[in-house]
Every structure is written in structure tokens, then in C-alpha cells.
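Got your viewer open and a selection box ready? Here is a walk through the model, one pick at a time.

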Amino acid sequence: MTSLEELCTHLPKQIGADMMALVEELYPICRSITGEGLRATLQIVRRTIPLVIHEVPSGTAVFDWTVPKEWNIRDAYVANSRGEKVVDFRRSNLHVVNYSVPVRARMTLAELRPHLHTLPDRPDWIPYRTTYYDQSWGFCLRHRDFLALKDDQYEVVIDSSLEDGHLTYGELHLPGQQEDEILLTTHVCHPSMCNDNLSGIAVLTSLANALLGAQRRYSYRILFIPGTIGSITWLARNRQGASRIRHGLVLAGVGDRGAISYKRSRRGDAEIDRAVMQVLRDSGAQHRILDFSPYGYDERQFCSPGFDLPVGRFSRSEYGTYPEYHSSADDLEFVAAASLEDSYANLMRVLFVLESNETFTNQNPWCEPQLGKRGLYDNPQQRADWGQIRLALLWVLNLSDGKHSLLDIAARSQAGFGAILGAARALEAAGLLRRQL
Amino acid sequence: MTSLEELCTHLPKQIGADMMALVEELYPICRSITGEGLRATLQIVRRTIPLVIHEVPSGTAVFDWTVPKEWNIRDAYVANSRGEKVVDFRRSNLHVVNYSVPVRARMTLAELRPHLHTLPDRPDWIPYRTTYYDQSWGFCLRHRDFLALKDDQYEVVIDSSLEDGHLTYGELHLPGQQEDEILLTTHVCHPSMCNDNLSGIAVLTSLANALLGAQRRYSYRILFIPGTIGSITWLARNRQGASRIRHGLVLAGVGDRGAISYKRSRRGDAEIDRAVMQVLRDSGAQHRILDFSPYGYDERQFCSPGFDLPVGRFSRSEYGTYPEYHSSADDLEFVAAASLEDSYANLMRVLFVLESNETFTNQNPWCEPQLGKRGLYDNPQQRADWGQIRLALLWVLNLSDGKHSLLDIAARSQAGFGAILGAARALEAAGLLRRQL
Amino acid sequence: MTSLEELCTHLPKQIGADMMALVEELYPICRSITGEGLRATLQIVRRTIPLVIHEVPSGTAVFDWTVPKEWNIRDAYVANSRGEKVVDFRRSNLHVVNYSVPVRARMTLAELRPHLHTLPDRPDWIPYRTTYYDQSWGFCLRHRDFLALKDDQYEVVIDSSLEDGHLTYGELHLPGQQEDEILLTTHVCHPSMCNDNLSGIAVLTSLANALLGAQRRYSYRILFIPGTIGSITWLARNRQGASRIRHGLVLAGVGDRGAISYKRSRRGDAEIDRAVMQVLRDSGAQHRILDFSPYGYDERQFCSPGFDLPVGRFSRSEYGTYPEYHSSADDLEFVAAASLEDSYANLMRVLFVLESNETFTNQNPWCEPQLGKRGLYDNPQQRADWGQIRLALLWVLNLSDGKHSLLDIAARSQAGFGAILGAARALEAAGLLRRQL
């Protein structure tokens with residue numbers, strides 16, 4: 001069994017390339033919140049980690065919602081009177097509005113036009129649109145191509161089905177020493193876009209894979225779910241179980257080249273919030289901390305007032321702040337192996353901090369213990385960072401009064417978490433600290 | 001019955017001009033903390049609102065104080081040996097020190113000089129001085145005129161009386177659905193000065209007039225009282241009743257052209273403090289928030305430690321910070337109909353916020369409710385501000401856990417109060433929120 | 001009996017010169033954490049104040065530590081083959097590493113070199129080094145002299161002894177009206193350096209001398225102790241008694257020309273912290289407030305988690321931030337009589353604030369009392385600062401609800417402590433305040 005510490009310090013060599021390869025493999029698949037594309041995606045993930053696949057029938061009541069009909073699509077196009085396909089699903093699955101009802105009709109451009117969506121400001125990009133809860137249909141296309149459309153009689157085909165079926169999601173439970181869980185979740189419902197959301201799938205798959213063989217203090221609950229309806233469905237089926245979640249993260253948009261951003265949980269200062277902030281501060285890299293707001297990804301559901309779970313969101317560039325968001329420009333070029341790896345590494349460090357954040361009590365609380373006679377005061381290895389290490393020892397001794405966790409001590413001392421943890425371990429080995437149970 | 005919301009959104013057309021007309025009518029009257037000028041002022045206000053006039057006998061003990069003798073004045077002047085009036089009360093009632101005892105004497109300039117008050121830095125302005133609690137007398141005059149006084153024998157006349165009588169104040173109680181009261185008060189004891197204090201009288205009269213015909217959740221306690229001794233007298237006579245005051249505002253100096261300033265209550269974060277700050281923030285206009293201090297107007301008495309009522313002060317330019325303060329330059333030119341109207345409008349919005357600040361509980365607290373099926377998620381009217389409205393809906397749902405009032409939600413979300421209230425109403429209509437009683 | 005207020009307002013004329021003279025007298029003595037130099041120092045202090053001298057035998061267990069053997073030194077030198085003393089303890093007692101074991105040997109430069117310590121960056125200064133807890137020896141010398149050493153056979157003599165004996169410290173207990181104590185402590189273990197630590201000895205001697213004849217509300221516990229082992233020893237012998245300490249200050253480095261710095265207690269907002277900050281703010285002089293950290297002087301022991309005493313540290317330039325620190329450059333030129341006096345004056349003001357910080361209750365809490373009839377509202381002496389004084393009266397009345405001490409009132413009102421105290425006294429004399437017991 002590997003320790004999480006080793007997983008942090010020895011990243012697998014090919015981890016960035018491996019994640020990028022998974023993104024590439026998943027890229028062509030037409031996913032949605034239900035259907036065969038979603039199933040195919042989960043099966044590919046399942047080659048790496050033993051996901052349990054859940055199938056929830058259409059029509060199932062999940063809190064205020066209902067599991068929708070299952071949507072599948074085989075083909076879709078718009079062809080002009082000469083039979084030329086001017087819009088073709090086979091070239092990009094973004095071309096069809098996701099969840100479009102079946103259509104087979106001939107119509108003029110004027111009749112077709114209300115069903116066409118473009119980005120006039122970005123004439124070379126195909127937008128991404130959905131119509132989950134209106135029975136409707138449409139096509140998305142490059143504005144440049146839209147302008148080239150002639151007055152003509154068009155053949156419009158959407159060979160889709162919207163029928164009773166299932167909502168599919170993947171779940172992995174990794175038991176730890178404690179029943180308390182760390183929740184890690186990502187959405188799996190977007191078609192051919194890489195940052196949103198193949199990056200989350202790739203990073204979460206690699207994290208889960210590493211955790212499989214690791215010593216775990218916490219149990220882990222790992223979810224690959226369609227956005228919104230997926231988290232609502234999971235929460236409705238696990239209303240009691242959700243109370244075991246002690247810390248949680250929603251992963252979304254973790255592959256672009258921007259800096260990491262973290263959105264606090266509704267509570268604002270939960271341990272997960274403080275752990276992520278500590279890791280990002282310790283990283284020395286630029287990053288942004290965002291206050292909670294009830295808009296965004298599945299943190300909206302986990303942080304709804306009835307649950308109020310300590311779940312934050314880990315992203316790089318925030319959704320909606322970059323022009324490529326929800327368009328064909330969120331492609332294989334838009335994400336980078338180095339970014340996936342950086343996200344993975346920071347997330348692993350967050351898990352490591354959570355796993356090793358304990359509270360100790362100083363066994364010699366009256367005055368300082370004599371560190372020198374225990375070989376803890378001098379600098380035998382002539383380390384350049386000895387001043388910092390000794391200060392960390394003193395901080396841990398001073399604040400280990402049963403009321404401060406190591407994360408609290410790191411925050412108050414402005415030391416790195418690693419220095420504080422190292423100090424605690426040395427002091428525990430010397431019999432000066434006792435772990436609080 | 002009009003709602004306070006309508007009173008906010010549809011200001012009476014002539015409201016600024018009406019208030020200015022009242023200021024003009026009241027301007028010539030020589031008011032003091034007791035006496036006929038004060039009575040005449042309250043009678044004029046009573047033409048608009050059904051004030052109850054209270055008369056409290058001189059000598060009445062009111063906490064540590066005693067209601068003083070009643071002061072009245074008919075005439076006052078200083079005449080030179082040629083019989084020319086060099087200082088004349090009939091030209092400005094500021095010329096006599098307010099509460100001067102009767103005088104009828106001949107004296108040299110040297111004898112007179114200790115009784116003369118001027119503003120050497122503002123040689124054209126007459127200062128305002130009082131001598132409520134010393135039995136004394138004096139004249140105030142322009143420094144320029146003072147310098148022109150010759151060595152001469154002067155006739156000095158103050159035809160005043162200081163005798164047992166009454167302290168007069170006006171009170172209006174407007175019952176609401178609740179016994180809990182909103183206190184609105186202004187002082188009515190200053191002679192011919194417009195900002196301090198005719199502006200307060202005019203704005204409070206208009207507010208009270210509007211409230212008369214309005215639907216009221218709270219009861220209203222509206223006081224027109226002489227400064228300091230008036231609030232002490234009212235509190236002494238209403239020691240028990242004062243505990244019904246849930247929110248209160250002292251209005252003072254609300255007609256000048258400066259920005260609005262708000263002085264917090266002693267508590268610092270009472271609901272009235274947060275309501276005023278929300279309204280001023282929402283207004284987008286420049287404004288200033290001042291911390292509580294025990295100096296100022298009648299908030300000193302309402303915020304004395306035995307009462308500690310949540311009463312703040314609403315002003316425009318702070319007293320003492322503008323040179324015209326307490327001088328003849330605080331005249332009809334110094335105040336503006338637009339400023340009176342702006343004060344009125346902001347105060348009405350504060351009352352509206354207090355009246356509509358309720359706490360709701362989300363009836364679907366587990367995950368978000370499906371807004372779409374209730375027509376609350378899409379943007380059917382294609383409103384440009386839809387993003388804000390939808391975000392307000394989500395904030396209200398997320399924070400309506402019984403612990404956050406709408407004002408709390410507006411503050412945390414940084415949304416306007418109107419957006420939050422609108423969202424709460426829409427959600428309540430959809431059965432998603434329930435009002436907490 | 002003098003009051004502390006008089007001690008603050010009338011500093012003895014020669015106080016700076018007197019303290020400087022004590023520094024000069026103590027300068028040549030070779031002090032350490034035990035031994036005759038320490039005893040001689042305490043005897044000199046005892047000429048001024050009736051210190052009780054404690055002798056604690058070597059080997060005594062004090063918490064996790066043991067009182068070390070007593071170290072004494074008579075002579076030490078390094079002589080070259082021509083008998084010339086190239087390093088000579090008689091010229092500066094910094095030349096020998098403090099607590100060096102006896103040595104009498106001949107050796108080559110190569111053999112000697114590991115025992116020589118210099119400051120290459122400051123070639124004209126002798127560093128200060130100690131070896132309390134390793135049985136070792138060494139010499140400190142100017143880097144310039146070190147470079148001039150030739151390959152030669154050297155005679156190395158350290159005529160010291162390290163034997164069972166005692167650890168010596170001085171204690172003065174001054175009983176006050178209350179058993180609760182103010183702790184004032186300084187370390188007395190450094191050889192010939194002036195800021196660290198003769199300045200502390202001089203200032204604490206003068207403070208104690210002044211307190212001897214003063215009216216004291218609190219009892220005072222004044223300690224002259226060797227650093228670290230001294231405070232640990234005192235705490236071990238006074239574990240119960242330490243709980244009487246209500247406020248405490250460690251004095252260290254109070255004679256240099258830098259601005260005053262104050263390091264907060266572990267609690268961060270103890271009354272001592274707020275008292276020092278008030279005094280420094282009131283002084284108008286530049287100063288720095290440092291957060292607690294578990295490194296530094298004896299505050300480390302007093303603020304260890306088992307004790308967590310409200311003890312801060314009062315210094316001028318922080319140790320380690322000036323190049324002269326722990327070297328021969330911390331000499332008689334490095335400290336100034338004016339700095340010693342300024343430290344003394346500020347410390348006395350801190351004591352005065354602590355002694356006079358009481359909580360009162362307003363006996364007329366309903367509305368303001370009528371100050372005028374008690375001669376407290378007007379400005380009879382025509383004082384220029386009347387506005388401030390009157391405001392202080394109002395603040396004290398407003399906040400004297402039994403929950404705010406005078407220090408709380410000074411902080412909230414941003415008035416000086418003196419103004420607030422003066423107001424409280426005037427109000428108490430007028431029967432408007434009652435002291436809370």
C-alpha cells in the first residue's frame with residue numbers, strides 16, 4: 001500500500017500524457033445527461049477503475065425533479081436541394097442541439113432559421129446548446145457557414161430518440177479506516193469539449209486510480225455523474241449516506257492553461273476550504289479564491305440548504321470567463337497535459353492535507369520541552385532551512401493544546417503544511433505529542 | 001390603502017416643492033425649546049398630519065432633568081443714542097440669544113460688549129446662540145456691524161418672558177399590523193435656520209403624511225420634539241412604551257446639497273443600520289457611514305445605555321462640518337427641493353426595506369427545486385437583467401434556511417434588495433418559500 | 001506614597017543618566033546563566049531594590065529540564081609560540097564561548113580552527129556564542145584577527161570550571177491592594193553587551209525602584225532571571241503562584257535607538273496587549289505591533305500552552321533584526337540614555353493604564369444626565385481641548401454599562417486613555433458613575 005504522501009511526492013512519470021490520452025479517446029463521443037454516449041464514456045473509465053454503473057429508470061422522482069427520458073442520436077444533418085449536407089452531426093456532435101427530438105422534414109431557410117444557433121462574434125466556432133427540459137430541436141453551426149446559407153429547400157434530419165430508458169452514472173466507494181467520506185465528483189454529460197468536461201473525467205480517473213492502492217484514513221466516494229440531474233439523483237438515492245461526507249470537491253474545468261481557482265463551500269471556512277487554500281498558498285503559484293455563490297456546477301446541489309455539505313469547487317479558469325467556454329473551441333488544443341498534471345498534483349496534496357490533518361496534545365505543556373536533549377534543537381544535518389523547521393517545532397508545541405489542528409497551526413504560523421506536519425511527526429516520535437482521538 | 005412599495009416607486013410629483021414651501025412658511029418663526037414659536041410650528045404641521053400636541057408643565061422631573069420655564073419673546077433690540085436700532089430682533093430672530101432673560105437697560109459699549117456674539121471669520125453672518133440653562137442674555141450680530149459700533153450709550157431691550165409654562169411636543173402614533181414600532185423623530189426647536197432644522201420637519205411631515213394612508217406592518221411613532229430636553233421628556237413619559245421601538249431614525253439636516261450620511265446606532269449592526277446601508281448602497285449615490293458616537297442629536301438619548309435603542313441618524317452633510325451650520329447662512333438658499341426629495345425618497349426606501357425584510361424557509365431545501373417547470377428559470381420576457389434575477393432566485397433559495405433575512409441575503413449576495421425581494425415573492429408564489437412567523 | 005500617575009507625569013530628572021550609569025557599571029562583568037558574574041550583577045541591582053536572591057542547586061529537575069552545573073571562568077587566552085596572547089578573555093569576555101569547559105593544551109592552527117568563531121561579514125566585531133548544553137569549548141574573535149593567525153603551535157587556555165553549584169536569580173514581590181500580580185521580567189545572563197541585555201536590567205531596576213514607594217492596586221512580581229532556564233526554573237517552583245499573574249511583560253532590548261516594538265501575548269488580545277497598544281498609540285510615536293510567535297525571549301515559557309499567561313514582550317528594535325545583535329558592537333555606544341528613558345516612561349504608562357483600568361456603571365443610564373448643573377458641560381476654564389474632554393465624558397457615560405472597561409472605551413472612542421480616565425474620575429466625583437467591584 002502506498003501512502004498519500006508518496007503519491008504527492010512521486011507523481012507517475014506519464015501521468016499528464018495518460019490523462020491527455022484519455023481526453024483524446026473520449027473526445028469524439030457524443031455524451032448527454034443520459035444515453036449511450038454517457039454509457040460508453042463510463043465503460044472507458046471503467047477500464048482503469050472499478051466503477052459501479054447505476055441505471056436509474058426514466059420517470060423516477062428525485063426530490064423536486066424527475067429522471068428524464070433517455071436520449072440517443074444516430075445521425076443529424078441539414079442538406080440543401082442538391083443533397084449537400086451543409087450541417088453534419090458526423091463532423092461535430094456539437095452541430096445538433098443536445099436532447100433534440102427527432103425531426104425529418106423539408107423546409108425553407110426562413111422556416112429553418114429559428115432552429116439555428118451561431119456565435120456571431122466568433123464566426124468560426126460552433127456553439128454548444130441543450131434543450132433537456134423543452135421538447136424542441138435545433139442545430140448549431142459556425143456563423144460563417146450560416147451566412148453562406150442560400151434561400152433553398154432544405155432537408156432536415158435528426159435521427160434521435162427520446163424514450164423511457166435510464167439515467168446512468170458511475171460510482172466508486174473506497175473504504176478507509178474511517179467511515180467518514182471524502183467526496184470527489186465530476187460531471188460526464190458534455191459532448192465533444194475538452195476542458196468542460198473531459199478534463200474533469202481524466203483527472204478524477206487518475207486520482208481514483210491512485211487512491212485505489214493507497215492507505216486511506218478516510219473513505220472515498222467518487223462520482224462520475226451527469227450535471228445537475230446526476231447529483232440530484234445521487235443525493236435523492238443517498239440522502240442518509242450523504243451525511244457521511246466530511247469533505248468534498250467538485251472538479252470542473254481542470255485542463256486549461258489558466259491558474260487554479262477555488263470556490264469556497266457554502267460554509268465558507270470548512271476544513272476543505274482551508275485545506276485547499278493552504279495547498280494553493282504553499283504552492284507559491286498564482287491562484288484565485290472565490291466566495292460561494294449558488295450558481296455553477298454540482299456544488300449547487302451539495303451546498304443546497306437541506307444538505308449544506310462542505311463541498312467546494314476546484315477549477316482552473318472559471319467557467320464562462322473564457323470565450324472558448326461551451327463551444328467547439330474548447331478542443332484538444334485548449335487543454336494541456338501540464339495543466340492536467342498540475343491539477344492532479346494539487347488535488348492529491350489537498351487529499352494528503354485532509355488525511356494528515358490531525359489534532360495533537362503537547363505532553364509537556366508547561367514551558368518548552370528541552371528539544372536539545374532529544375536532538376531536535378540543533379541543526380545536525382546543517383540544513384539551510386533549519387530556522388523554519390525549528391520554528392515549526394515550536395509552533396506545533398505551542399498550539400497543540402487540543403484546540404488547534406495542524407491546518408490551524410499552519411494557518412496561524414504562516415508556515416507550510418509540510419513543515420508543520422514534519423514537526424508534528426518528529427515531536428510525536430520523541431513522545432512529546434499525543435494524537436487526539 | 002397604498003403599499004409602501006408604491007410610495008417608493010411613485011413619488012408625489014410636487015413633493016420637493018411641497019416640502020420647500022413648508023420650509024418657507026416655517027422660516028420666519030422664532031422657535032425655541034418651549035414657547036409660542038414651537039406651538040405655532042406644530043400647529044402648521046398639524047394642518048397636514050393629525051399630530052397629538054402634548055404640553056408638559058415646567059418643573060416636571062424627567063430623569064435627571066427638569067422641564068424648564070417657558071420662554072417667549074416679543075421684541076429685542078439695541079438702539080444707539082440717536083434711537084437707531086443697530087441690532088433688531090425683527091430683522092432676524094437669530095439676533096437675540098435664544099432663552100435670554102428680559103432686559104431693559106442703558107449701557108456703554110464696554111458694558112454691552114460681553115453680551116455680543118459674532119463670527120469674526122464670517123463677518124456677514126449672524127451666529128446662533130442659546131442660553132437654555134444659564135439665566136443670561138445676549139445678542140448675536142454680523143461681525144461687520146459689530147466693528148461699526150461706536151462708543152456710545154446704548155438702549156438695550158429684550159422683551160422676553162421666562163415663566164412657568166409648558167414644554168410642547170407633537171406625537172403621531174400610526175398603528176400597524178404589529179405593535180412593534182418604527183420611531184421617526186426630528187427636533188423642532190431651532191429658530192430661523194433651514195437645514196437645521198426645518199428640513200427635518202418638512203421631510204418628516206411628508207413621510208408621516210404618506211404613511212397615514214399606507215398599509216403598515218409596523219406601527220409608527222413619529223415625534224416632533226425640542227432637541228435633547230424633548231427626547232428626554234418623551235422617554236421619561238414613555239419608559240415602558242419605548243421598549244416597543246424595533247427600529248428608529250433621527251432626522252436632522254436633510255435639506256442641504258451634500259451627500260447623505262448615516263450614523264450607526266450604538267449597537268452598530270442593528271437591522272436599521274443594515275437597512276440604511278443597503279438602501280444607500282443600492283442607490284448608487286455617494287454617501288458616508290459614520291460610526292456611533294455619543295455626541296450629536298437626539299440619538300444620544302435614545303442610545304443612552306439604559307435604553308440602547310436601535311436608533312441611527314439620517315442626515316446629509318454632518319452638522320458642524322459646513323460653515324453655514326448654526327448661522328444665518330443656513331437660510332432658504334442653503335437647502336434645495338431636490339435634496340429634500342432625495343432624503344424623502346431614500347427614507348421611504350428604508351421604511352420599505354424594514355417593512356418587507358422577512359425571513360423565509362425554503363420548502364424544497366434538498367437540492368435546488370426545478371425552477372424550469374415553474375417558469376422561473378428561462379427568460380421568457382427576454383429581460384436583459386435575467387442573469388441577475390436568476391441569481392437572486394438561487395441566493396434566496398440557498399440562504400432561506402430560517403437563519404437569514406432578506407436583508408442578510410442581499411448583503412451576502414451583493415444583490416440589490418429589490419432583486420432579492422422580487423425573487424422571494426416569485427418563489428413564495430410558486431410555493432417554494434414559506435414566510436417565517 | 002506616590003501615585004503611579006505622578007510617576008508617569010514627573011519622571012525623575014536623572015533617570016536616563018542613572019540607567020546609563022548602571023549599564024556602564026555592569027558592562028565589564030562576564031555573566032552567564034549561572035555563576036559569579038550573574039551573582040555580582042544581582043548584588044549591584046540589590047543596592048537599589050531589595051531583591052531576594054534565590055539559589056537553585058544544579059541537578060534540580062524543572063519540568064522537562066535540569067538546572068545545569070554552575071559555570072565560572074577566571075581567564076582564557078590563545079597564545080602563539082612567542083607567548084603573545086592573540087585572543088585574550090581579559091580584553092573582552094565575548095572572546096570565550098560562554099560555558100566552555102576547561103582547556104589547557106597546545107595545538108596547531110589546524111587543530112584550533114574548528115573552535116574559532118568569527119563574523120566574516122563584520123570583520124571588526126567579536127561574535128557572542130554559547131555552549132550551555134554541549135560540553136564543548138571555543139573562542140570568538142574578530143575575523144580580521146583570525147585571518148592574521150599564522151601556522152604555529154598555540155597555547156590554548158580556558159581556566160573555567162563547570163561543577164555542581166547553583167542557578168541564581170533575583171525576585172522582588174511588591175504586595176498591592178490585590179493579590180493579582182503584574183509580572184515584569186528581564187534576562188540577566190548575557191556578558192558584555194548593552195542592549196541585550198543590560199538595557200533590560202537598567203530599566204527594570206528603575207521601574208521597580210519607583211514602584212517600591214508607589215501606591216499599588218496590583219501586586220508586582222519582578223524577576224531578574226537567566227534566559228530560558230531561569231523562567232523555566234521560576235515557573236517550576238511557582239506553578240500555583242503563576243496563576244496569580246494577570247498581566248505580564250518581558251523586557252528585552254529596550255536601550256537602542258530604534259522605535260518601540262511590542263509582541264502580543266499568545267492570547268493576542270489580552271488586557272496587557274490592549275494596554276500597551278493604547279499607550280503606544282497615545283504616545284504618537286512610531287511603533288510596531290508584532291503578532292505572537294513561539295520564538296524569542298522568556299515569553300516563550302510564560303506563553304507555553306500549559307500556562308498561557310497574558311505576557312507580551314516590550315522591546316525597541318527586535319532582536320536579530322539589527323547587525324549589532326549578539327556581537328561586541330552591542331556596546332555602550334549602541335544604547336542611549338534617551339532610549340532607556342523613553343522605554344521607562346512608556347512602561348510606566350502601561351502600568352498606570354493597567355492600574356487605573358476599571359469598569360464603571362453609569363448611575364443615570366436613562367438618557368444623558370444633565371452635566372450642566374454639575375459644572376461638567378460648559379468650559380469654565382476655557383480649555384482649548386474642551387471638545388475632547390466633553391466627548392470623553394459622553395463616551396464614558398454611554399459605554400459604562402458594566403461591560404466596558406476604560407480601556408475598552410478608549411479603544412472604541414479613539415480618545416486617549418488619559419482623557420477617558422479623567423472623564424471617569426470627574427463623573428465618579430459627581431456621583432454619576434460607580435466603580436464595579
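Start by showing chain B and chain C together: four salt bridges cross their interface. This is a predicted model, so treat each stop as a computed feature of that prediction. For one of those bridges, select B:Arg266 and C:Asp401, whose side chains pair up with N to O at 3.0 Å. Now bring up the polar contacts across the same boundary: 15 residue pairs qualify, both partners having pLDDT 80 or more. On the chain B side, color helix 7 (229-237) and helix 9 (299-302), the elements that each give two or more residues to the surface touching chain C. By residue type, that side of chain B splits into 11 nonpolar, four polar and five charged.

Zoom out a little to take in the whole B/C contact. Here 20 residues of chain B touch 21 residues of chain C. The buried area comes to about 1900 Å², with carbon and sulfur atoms giving 48% of it. Which three residues of chain B supply more of its buried area against chain C than any other three? Select B:Asp64, B:Arg266 and B:Pro294, which account for 33% of what chain B buries there. B:Arg266 is worth a second look, as it turns up in this trio and also in the salt bridge with C:Asp401.

Next, hide chain C and bring in chain A. Between chain B and chain A, 21 residues of chain B are in contact with 20 of chain A. About 1900 Å² is buried between the two chains, 49% of it on carbon and sulfur atoms. For the chain B residues that lose the most area to chain A, pick B:Trp366, B:Cys367 and B:Glu368; together they make up 36% of what that side buries.

Keep B:Glu368 selected and add A:Arg300. The two form a salt bridge, with their closest N and O atoms 2.6 Å apart. In total, the B/A interface has four salt bridges, and its polar contacts involve 15 residue pairs, both residues at pLDDT 80 or more. To see where the chain B side comes from, color helix 11 (residues 386-399) of chain B: this helix gives the most, with seven residues. That side of chain B divides into 10 nonpolar, four polar and seven charged residues.

Stay in chain B and center on B:Cys367, one of the trio from the A interface. What is the sign of phi at B:Cys367? It is positive, about 65°, although the residue is not a glycine. Most residues other than glycine have a negative phi, and that is the background for this stop. B:Cys367 sits in the loop between strand 17 (359-362) and helix 11 of chain B. Is B:Cys367 buried or exposed? With a relative accessible area of 1%, it is buried, because the cut-off for that label is under 20%.

Jump to chain C and select C:Cys367. Here too phi is positive at about 65°, and the residue is not a glycine. C:Cys367 lies in the loop between strand 17 (359-362) and helix 11 (386-399) of chain C. Its relative accessibility is 1%, so C:Cys367 counts as buried.

While you are checking backbone geometry, go back to chain B and pick B:Asp196 and B:Asn197. The peptide bond joining them is cis, with omega at about 20°. B:Asn197 belongs to helix 6 (residues 194-212) of chain B. Then switch to chain C, where the bond from C:Asp196 to C:Asn197 is cis with omega near 20°, and C:Asn197 is found in helix 6 of chain C. Most peptide bonds are trans.

Still in chain C, select helix 3 (residues 36-46). Its buried residues are C:Gly37, C:Leu38, C:Arg39, C:Thr41, C:Leu42, C:Ile44 and C:Val45. To see what covers them, show elements including helix 2 (15-26), strand 1 (52-57), strand 4 (70-79), strand 10 (166-174), helix 6 (194-212) and strand 12 (219-225) of chain C. Helix 6 of chain C, which holds C:Asn197, is thus back in view.

For the last stop, isolate chain A in cartoon view. You should be looking at 13 helices and 19 strands, in a C-alpha trace spanning about 90 × 45 × 35 Å along its principal axes. Of the 437 residues in chain A, 60% are buried. Switch to a surface: chain A exposes about 17300 Å², and carbon and sulfur atoms supply 46% of that. Finally, try a contact map, where 80% of contacts between residues at least 6 apart in sequence join residues at least 24 apart.

How values were computed:
Residues are numbered from 1 along each chain as its sequence is written. Chains are lettered from A and ligands numbered from 1 in the order in which they are written. This is a predicted model: local features need pLDDT of at least 70, side-chain atom pairs count only at pLDDT 80 or more; totals for chains, interfaces and linings use all residues. Side-chain values use heavy atoms; hydrogens and water are left out. Contact means heavy atoms within 4.5 Å. Buried area is the accessible area (1.4 Å probe) that two parts lose on being put together, summed over both. A polar contact is a pair of N or O atoms within 3.5 Å; within protein, one must be able to donate a hydrogen and the other to accept it, and residues adjacent in sequence count only if both atoms are side-chain atoms. Helices (H or I, at least four residues) and strands (E, at least two) are DSSP runs, numbered from the N terminus. Ala, Val, Leu, Ile, Met, Phe, Trp, Tyr, Cys and Pro count as nonpolar, Asp, Glu, Lys and Arg as charged, and the others, Gly among them, as polar. Buried means under 20% relative accessible area, exposed over 50%, partly exposed in between (1.4 Å probe, protein chains only). Accessible areas come from the Shrake-Rupley method with a 1.4 Å probe; for residues, only the protein chains shown count as cover.
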